Amino acid sequence: MEEIKTGVYICHCGLNIAGTVDVEEVARYAGTLPNVVVARDYRYMCSDPGQALIKDDIKNLGLNRVVVASCSPRMHEPTFRRACQDAGLNPYLYEHANIREHCSWVHDDRQVATEKAKDLVRAAVMRVALQEPLEIKERPLNPNVLIVGGGIAGIQASLDIANGEHRVYLVEKEPAIGGHMAQLDRTFPTLDCSECILTPKMTEVGQHPFITLLAYSEVEDIAGSVGNFKVRVRKKARYVDEEKCTGCGVCEEKCPWKVDSEFEMGLGKRGVIYIPFAQAIPHVATIDKERCVYFLKGKCRACEKFCDAKAVNFEQKDEIVELEVGSIILTTGYDLFDARRISQYGYGSYDNVLTGLEFERMTCAAGPTGGKILLKDGREPERVAIVHCVGSRDQNYHEYCSRVCCMYGLKYAHLIKELTKAEVYQMYIDMRCFGEGFEEFYRRVCDEGVNFIRGKVAKVTNVALTEEEQGKLIVIAEDTLLGGIIRVPVDMVILCTALEPRSDAEDVAKLLTINRRADGFFLEKHVKLDPVATATDGVFIAGCCEGPKDIPDTVAQASAAAAKALSVISRGRVVIEPTVAQVNEVLCQACGRCEEICDFHAPKVISKDGVRVSSVDAALCKGCGACAVVCPTGAMSVRHSTREQITSMVEALLEV
Amino acid sequence: MAEFEPKIIALCCNWCTYAAADIAGTSRIHYPSNVRIVRVMCSGMVDPIYILKAFEMGADGVLIAGCHEADCHYLNGPPKCDAMFEKMKRVVNMLGLEDGRLRREMISTSEAPIFAQVIEGMVKQIKKLGHSPLQERVKV
């Protein structure tokens, strides 16, 4: 067997490590450990000269194992593996000791920290001796991209990728794309109309030769890994032939049954067969099966009779579409906080307590009131209160700030001033106007004579105490600037409800094995330096599924995710992780326990030359090691995490 | 005589608890230096051998920590680890080790303060228990 020659390098990390750990002493000690032929300390091992030390020693001293003790391996293990590889050493013959995050940064006592660093280095030296070179294989990659969610984030990402002439499958669960942005009236702080800037993009998606739009569809299953995902999509039956439907809208007109429109937030009606809104893409009708009288009672079919294009098809069935893609972008957006949960605000009990999105539809010229701000009885309000932070910045609901409410609250104040003669009261905790042009807009609205009351609203009631309050909604709040409880009688209350994770975020996270933060939004790979990647290679996130944000930030993130996907595509191949399970066929008794415990169907008991043994499909194996734990004979092990390797560390750490 | 300083081995999953310990470092959240962390890819990868080896070698405590069930990078590692842990708890009891020497925790990436609290709590508890009773026996 080849003699093991290990080089050990102790990083000072400036004073980050050297300030607490006696790095020279650790290096001296490392030199006394078995197999170590060279041990050095250096100011910054990750720098070019630091890496050159390793490369030169590999070449000049014939090192065949390398250990660096520095920051977390999550930071620089790839750097030093690459350095080894550059010098011709297999990167899996490298081991990393974490003496910064796990030592110098969490302990004060120099002696204690130095002893701990020595232990960690000793464990790494013992482990690396047992490490084996692993072969890194590459396989071709599918350049197609799946984008889940057709709001502005999904639309932007789709266009960026499709304009690079790569196939995009855009899956949207609603009958039309556009998401929440399509429901907005004007966008802060420029007050440009949301539809006007969104519609051209939606049309482009609908017509793009490289975008396959699967609207009214849901992703049911995703298998595989970066480069080769297999996706199953259920295309729900619209009971209308998308190819034949001309979107003329006659069916909806003739449909005798009208129900609350989801798009209009229940302020307007739609037919049971309907096109959700005027600019909908795809511009085709959908039958709401749950509420269609034909489906419920077996009679009607009025829409079918009036459809000249013969597009209505009551026999249509859900269709299962199988897709193959190389990367996935999640742009699934957000849900709005249900204002009923804070019952003291009276949403659902009082007619004129609205949510922001309902008010949004009201100010929209194409909306249910034709752009007029009206009370339920058709009058114009004389006083309006805008309540901030409904469900946000509240320990009982969501601790985070929803980031958009201050600004849209200001926008509402401006629109109320512009469209009515009403007095406006903003009830806020803090005004957070941090974006481009936001502060200027805040000042503009202040100058328009809007009243700002700093304090959280306790209650909205219709119980009047004075004559002035009769027939009004009374907003009770603590004015923290005046230091007293105030009662503001108004006609209309607008609740700025929190943005929250989609109710099915947990299922989606499980499907793709990505993580969620404590608040439920999807977790990025690194909060600052890798904000659109996830723990799963080839899966990216953008927009509000990652956390509340406004349209410019959403679009920027969507383009970032698209760039990440394009970089996967342009590389053209994926590296297959060699750190997967392997079977020692001599020891294997073909008991099948590995097959039973594996969630990825990687090990299978097969017949090989007439002998039954377990065999691992490396493409399916994720290297979690569950099979190795249950294997009764020790035949199963995970490369680079073998029993011997991990035991050697445990032993080494307790040796002294 | 110097105060008894227990030796604790923490087997931490790469994706959650190891990362939580990293963030404890980045955030300079201090905790007792008695713990030595060994990185494993998944808590479901922790083999009973590691626990037995640690106690055999004189560890005063062993912590197995990884993702919460919903966060697992490998779908279902935590319940597999739980099943192993329940069995091993009985085994280490049979060996004469007191409750609290073998501990199982779920600590996600965002829970660095919890990681530090767990280590503090464990060190405190084991200081009360004293040296592992196995140490003397192994020496004999």
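Biologist: Before we look at the sheet in chain A, when do two strands count as a pair?

Modeller: Happy to start there, with the reminder that this is a predicted model. The pairing is read from DSSP, and what matters is the number of bridges between the two strands. The cut-off is at least two bridges.

Biologist: Thanks! Then in what order do the three strands of the open sheet in chain A run?

Modeller: The pairing in this sheet is antiparallel, and the twist averages 20° from one strand to the next. β24 (457-461) and β26 (484-490) of chain A each have a single partner strand, so they stand at the edges and one side of each is left without a neighbour in the sheet. The order is β24-β25-β26.

Biologist: Which residue in β26(A) does A:Ile474 stand opposite?

Modeller: Let's take the two strands together. Strand β25 of chain A covers residues 473-479 and pairs with β26(A) in the antiparallel sense over seven bridges. Opposite A:Ile474, in β26(A), stands A:Pro489.

Biologist: Moving to helices, how far apart are the end C-alpha atoms of α5(A)?

Modeller: Helix α5 of chain A, residues 110-130, has 21 residues, and at 1.5 Å a residue it should span 30 Å. Of those residues, 17 are buried, so the helix is largely enclosed by the rest of the structure. The end-to-end distance agrees with the expected span, at 31 Å.

Biologist: Over to chain B: how many residues of helix α1 are buried?

Modeller: This helix, residues 17-26 of chain B, is mostly covered. Its buried residues, B:Tyr18 and B:Asp22 among them, pack against α3 (73-86) and α4 (100-104) of chain A, together with β1, β2, β3 and α4 of chain B. Of the ten residues in the helix, the buried ones number eight.

Biologist: And which element gives the most to the side of chain B that touches chain A?

Modeller: The contact takes 40 residues from chain B and 38 from chain A. On the chain B side, α1, β2, α2 (48-56) and α3 (77-94) each supply at least two residues. By class, that side has 22 nonpolar, ten polar and eight charged residues. The top contributor, with six residues, is α1(B).

Biologist: Last one: how far apart are the C-alpha centres of domain 2 and domain 5 of chain A?

Modeller: Domain 2 is made of three segments, 145-236, 318-333 and 502-571, while domain 5 covers 581-638. Their C-alpha centres are separated by 37 Å.

Technical notes:
Residues are numbered from 1 along each chain as its sequence is written. Chains are lettered from A and ligands numbered from 1 in the order in which they are written. This is a predicted model: local features need pLDDT of at least 70, side-chain atom pairs count only at pLDDT 80 or more; totals for chains, interfaces and linings use all residues. A residue is buried if 20 or more other C-beta atoms lie within 10 Å of its own, exposed if 12 or fewer, and partly exposed in between; C-beta atoms are placed from the backbone. Helices (H or I, at least four residues) and strands (E, at least two) are DSSP runs, numbered from the N terminus. Two residues are in contact if their C-beta atoms, placed from the backbone, lie within 7 Å. Ala, Val, Leu, Ile, Met, Phe, Trp, Tyr, Cys and Pro count as nonpolar, Asp, Glu, Lys and Arg as charged, and the others, Gly among them, as polar. Axes are lines fitted to C-alpha atoms, for helices over the stretch in contact, and angles run from 0 to 180 degrees between N-to-C directions. Domain bounds come from an automatic or database domain assignment. The expected span of a helix is 1.5 Å times one less than its number of residues.
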